[in-house]
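I opened my notebook to write down what I looked up, one entry at a time. Here is how it went.

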Amino acid sequence: MSYKIRILIVHNSYQSHGGEDSVVDSEIKLLQSHGHEVVTYFRSNNEILNADKFSVARQTLWSVKTVDDISKLIISVRPDVVHVHNTFPLISPSLYWAIDSLKIPVVQTLHNFRLSCLSALYLRDSAVCEDCVGTLPWRGVLRKCYRNSTAASVVLTGMLALHRKIGTFQNKVTKYIALNDFCRNKFIEGGLPGNKITVKPNFIDEPTLSNCSRSGFLFVGRLSLEKGISVLAKALTSFRLPLIRIAGDGPLRSELDGVSGVTLLGLLDSGRVHAEMNAAMALIVPSIWYENFPRTIVEAYACGLPVIASRIGALEELVIDGVTGLLFEPNNPSDLAEKMRWASEHPEEMARMGLEARQVYLRDLTAEKNYSKLIDIYNSAIGDMGA
């Protein structure tokens, strides 16, 4: 039997389980299902609840605990590669120096734009903002872009300034993973070395499919500003539209309460989400920020469900207009309503787009396709370290 790469997975998880956390869980299961030994080093933002602000700030800049923990763990298990997802704030980029000192290759998945934008979203006042791309985000400090806090924004900017100055992001990461070409280009604009960035999308396991009739629309995700909930609410309240079911929860839930034709389902597990996707006519993705690679789109394609999405950032790359779904102008409730109305009047065309979406999933987004790409990236990183 051929040698199986041993992987150390590193992740700073969030207080509320989100998309990045789900990706980490899925990749661990994928690797283990192929016989790989996977060791993990996790820290949780729940630790912040019991920590003083000075301690959190110090760890954000340089975590002595991370350096000590990781050094001992690597010496103990001797992984072939370390795959990092999120280091902010507790693990910190000091991680990369500890790994490099032990001559182990590092692969870093870039799930958001934290390395060039304090909010990680390129979003301010409900509009795309790229003011800090390619420079130190001092404007983000003045605008309190991180958690609406000057102090927290100063700490995050200090972390970026320190690690840019000492070459952490340029020299201590062997390979970066971007989730699509749009994001890869944005990371390069932000200063990361293009020759180190490889594109690998997200994936999901094959869902259970059904042949039930399709009708109405579906939204799946966090009910928040960046996800375009206000845009969706305005479209639904201003125009007479077919029924839509909303799976998710969040701070803007109240904007959808009592809106005609809306059914609020709350948070659903993946099985129930896929059941909803098997029954809907189209998934609505009205985001107003540069989404990286929403797993909901992968799930929709896997279920043969076309997507109606904002023509913004990576969504314009992920949804092929007129082929796997429809695109509308971002932040434009009227255009969203028009696309939803057209879809409801052309069910055969939407069914055809659903079949195309399913083919995209089978060709590019299955677990097996993803595993092959991930192993190629690991082998390339190992080869670069040995060169």
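**Entry 1: the cavities**

I started with empty space, and noted that the second largest cavity has a volume of about 110 Å³. I should say right away that this is a predicted model. Which residues are closest to the centre of that cavity? I found Cys117, Leu118, Cys129, Cys132 and Cys145 there, out of 16 residues in the lining. Sorted by class, that lining came out as nine nonpolar, three polar and four charged residues.

How many cavities of 30 Å³ or more does a search of the whole structure find? I got two. The largest of them holds about 210 Å³ of space. I listed 17 residues around the largest cavity, and wrote down the ones nearest its centre: His85, Asn86, Gln108, Arg114 and Leu115. The lining of the largest cavity splits into eight nonpolar, seven polar and two charged residues.

**Entry 2: the sheet**

Next I traced a sheet. It is an open one made of six strands, and I read their order as 11-10-9-12-13-14, with parallel pairing. At the edges I have strand 11 (262–266) and strand 14 (325–328), each of which pairs on one side only. Going from one strand to the next, the twist averages 25°.

I picked one pair to check by residue. Strand 9 (residues 217–220) runs parallel to strand 10 (residues 244–247), and four bridges join the two. Which residue in strand 10 is the bridge partner of Leu218? I noted Arg245.

Then I looked at what packs on the sheet. Helix 13 (residues 333–345) does, and it touches strand 9, strand 10, strand 12 (282–285), strand 13 (307–310) and strand 14. I also jotted down that the direction of helix 13 makes about 160° with that of strand 14.

**Entry 3: two helices**

My last stop was helix 14 (residues 347–365) and helix 15 (residues 367–386). Their axes come within 6 Å and cross at roughly 30°. Angles under 35 degrees count as roughly parallel, so I put helix 14 and helix 15 down as roughly parallel to each other.

Where do helix 14 and helix 15 meet? From helix 14 I wrote Leu362, Arg363, Asp364 and Leu365, and from helix 15 I wrote Ala367, Lys369 and Lys373. By class, this contact has three nonpolar and four charged residues, and no polar ones.

Conventions: Residues are numbered from 1 along each chain as its sequence is written. This is a predicted model: local features need pLDDT of at least 70, side-chain atom pairs count only at pLDDT 80 or more; totals for chains, interfaces and linings use all residues. Side-chain values use heavy atoms; hydrogens and water are left out. Two strands pair if DSSP finds at least two bridges between them. Axes are lines fitted to C-alpha atoms, for helices over the stretch in contact, and angles run from 0 to 180 degrees between N-to-C directions. Contact means heavy atoms within 4.5 Å. On a 1 Å grid over the protein atoms alone, a cavity is a set of points where a 1.4 Å probe fits but cannot get out, and a pocket is an open set with protein on both sides within 12 Å along at least five of seven lines; lining residues have an atom within 4 Å of a point. Grid points are joined across faces, edges and corners, and a volume is the space filled by probe spheres set on the points. Ala, Val, Leu, Ile, Met, Phe, Trp, Tyr, Cys and Pro count as nonpolar, Asp, Glu, Lys and Arg as charged, and the others, Gly among them, as polar. Angles under 35 degrees count as roughly parallel, over 145 as roughly antiparallel, 65 to 115 as roughly perpendicular and the rest as oblique.
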